[in-house]
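Reader: I have a model open on my screen and would like to learn how to read it. Could you walk me through some features, one at a time?

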There are 2 protein chains.
Amino acid sequence: MSDPDGERTPVPQRAVDRIKAMIAGGQVGPGERLPTERDLSAQLGVSRSSMREAIRALTTLGVLESRHGAGVYVTALRPADLLETFSVLAEVSQGRTLLEVLQVRRMLEPAATALAAAHASDEDLDRIGALLNRMEGGPDTVCTDTATADLGFHQTIVASTGNATLAAIHDGLSSHTFNARVWAGHREAGLTAKLREDHQRIHEALVARDPDAARAAATVHVLRVERWLSADLAVTGN
Amino acid sequence: MSDPDGERTPVPQRAVDRIKAMIAGGQVGPGERLPTERDLSAQLGVSRSSMREAIRALTTLGVLESRHGAGVYVTALRPADLLETFSVLAEVSQGRTLLEVLQVRRMLEPAATALAAAHASDEDLDRIGALLNRMEGGPDTVCTDTATADLGFHQTIVASTGNATLAAIHDGLSSHTFNARVWAGHREAGLTAKLREDHQRIHEALVARDPDAARAAATVHVLRVERWLSADLAVTGN
DNA sequence: AGCGTGTAGTGGTCCGACCACTTTTGCATG
DNA sequence: CATGCAAAAGTGGTCGGACCACTACACGCT
């Protein structure tokens, strides 16, 4: 299967594989520095241009990090590093895909909120409460600010589950632009009050450390957003 | 008002933004062809090398696709295109992160399997059944083959929910290398028979179009894998 | 000993040439 | 006139070298 020659595969791709192998093989660990671009290109027998393309690819994947004048480093390889590219989905998605994203969140968010009810620290709960207050800050609050607080509210909850991978995926699924659009729509539809109730109910369940109540509250919340978006797409013609 | 140019941002990054803007602005739609690398570089006032790095970045993100001798094209921008990079996570993850991945799958897989029980077509069920048989193909079956069939089994189930975004995320969470490792471990632990029961139970629930049974069966399955991995990590010292 | 400054080394950018592949053109053939 | 194949034009792929911008470290000055 491994095709020793493999001359048919593009040069930068081979370089990418070699670097990946270096990391997987433990020759370079997270946070460590790689040989210089010039050394690497000579070592793998490719031009520096191709090597740079390979490095660029691994950089966009969140595996490597280039520091001008210093060198190329392996990232910490934390889930958040590798899933940063994820947000592109929520950014460019439209219509049907947006509904699919929300459907996935409906699977994740209740379970995550329930987990948070069991795992969240007191500091987490404080921060969540603070964000809740910020969302309710009078009717003159700028829409953008409300959306930001909403985003932070849910992200903090998911982060307090202690599962970094889950948090990274969830963050990718709820981009800023996505949430802003939903909030703008909700304001029109006059559902702001309902969402406020949802958030308060979620917060109460977390403070009470009641996983079941938290799961139920989160389910109600996501379902409400999903139903509105579904109706909205039907009108605007997805 | 400070720095209208923004000359401080790296050149390829600026090129990436410009191309993104071209897509977002509708100047080039999904599947359409971009100007040649030479034209683009002249048009944006950057060198062809930098333009190539920008294209390479967008290619790894799944937004663009280069065809040797033909040109550079915008992908269909489907979720599967944009989430292909996702699999890197499951590839390089180790220890703790592996458990986190499994925990996320425990949230997604039951809900997805339940959805599949309601939405799967007869053809889907046939394919799932075929893969189930392939997994049970006698004791002389190569381990790699069993792992592949297992992977296909779950992927086909998730794909039959009709939610392409969900399918793409799930695929990223269950890479081939990851599953192969788990299967190798299971063979040692002699849990193969148990897994077979799990799979059969899931299949039966799908054929019966029973969402609740499907959800329960999937939960049991993922939980079993998760428990084994947890114990294994404790031994090998994560 | 402390602190700038200079210098070597690194990634960043550009250029121009050539190679490999694909598509189109156009000529020769039936 | 239709057909098929070969030549040519166009495109991405790769290479090598040159120079710029930045960082880090060591040297020398105070």
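Author: Happy to; we will go from the DNA to the rings, and then to some loop and helix residues. Keep in mind that this is a predicted model.

Reader: Let's start with the DNA. Which residues come nearest to DNA strand D?

Author: A residue counts as near a strand if one of its heavy atoms lies within 4 Å of it. Around DNA strand D there are 25 such residues, and the nearest are Val11(A), Ser50(A), Arg8(B), Arg48(B) and Arg52(B). On the DNA side, 63% of the atoms of strand D that come within 4 Å of the protein belong to sugar and phosphate.

Reader: How many of the residues of that surface are nonpolar, polar and charged?

Author: The surface near DNA strand D has six nonpolar, 10 polar and nine charged residues.

Reader: Which polar atoms of the protein should I look at beside a base nitrogen or a phosphate oxygen of DNA strand D?

Author: For polar contacts, look for pairs of N or O atoms within 3.5 Å. On the phosphate side, an N or O atom in the side chain of Ser50(A) is 2.8 Å from a phosphate oxygen of DNA strand D. On the base side, the side chain of Arg48(B) has an N or O atom 2.9 Å from a base nitrogen of the strand. Gly69(B) takes part through its backbone, with a polar atom 3.2 Å from a base nitrogen of DNA strand D. As for the elements that give two or more residues to this surface, chain A offers α1 (11-24) and α3 (48-60), while chain B offers α2 (37-44), α3 (48-60), β1 (64-67) and β2 (71-74).

Reader: And which element gives the most to the surface near DNA strand D?

Author: That is α3(A), with three residues.

Reader: Now the rings. Where does the charged end of Arg67(B) sit?

Author: Here you check whether a charged group sits over the face of a ring. The charged end of Arg67(B) is over the ring of Tyr73(B), 3.9 Å from the centre. In chain A, Arg67(A) lies over the face of Tyr73(A), at 3.9 Å from the ring centre. If you look for ring-with-ring pairs instead, the count over all chains is one aromatic pair.

Reader: What about backbone angles? Which phi value does Arg209(A) have?

Author: Arg209(A) has a positive phi of about 55°, although it is not a glycine. You will find Arg209(A) in the loop between α11 (192-207) and α12 (211-236) of chain A. Arg209(B) also has a positive phi of about 55° without being a glycine, and it lies in the loop between α11 (192-207) and α12 (211-236) of chain B.

Reader: Is Arg209(A) buried, partly exposed or exposed?

Author: Buried means under 20% relative accessible area and exposed means over 50%. Arg209(A) has 34%, so it is partly exposed. Arg209(B), at 33%, is therefore partly exposed as well.

Reader: Which residues does Ala120(A) touch?

Author: Leaving out residues up to four places away in sequence, Ala120(A) touches Leu125(A), Ser160(A) and Arg209(A). Ala120(A) lies in the loop between α6 (96-119) and α7 (122-135) of chain A, and at 6% relative accessibility it counts as buried.

Reader: One last case: where is His170(A) found?

Author: His170(A) is in helix α9 (residues 164-173) of chain A. With 2% relative accessibility, His170(A) counts as buried. Among the residues it touches, beyond those up to four places away in sequence, are Arg105(A), Glu109(A) and His154(A).

Notes:
Residues numbered from 1 in each chain as written. Chains lettered and ligands numbered in written order. Predicted model: local features only at pLDDT ≥ 70, side-chain atom pairs only at ≥ 80, totals over all residues. Heavy atoms only, no water. Phe/Tyr/Trp six-rings, centres within 6.5 Å; stacked < 30°, edge-to-face > 60°. Lys NZ or Arg CZ within 6 Å of the ring centre and 35° of its normal. Polar contact = N/O pair within 3.5 Å; in protein donor to acceptor, adjacent residues only side chain to side chain. Helix = DSSP H or I, 4+ residues; strand = E, 2+ residues; numbered from the N terminus. Nonpolar A, V, L, I, M, F, W, Y, C, P; charged D, E, K, R; others polar. Buried < 20%, exposed > 50% of the residue type's maximum accessible area, 1.4 Å probe, protein only. Contact = heavy atoms within 4.5 Å.
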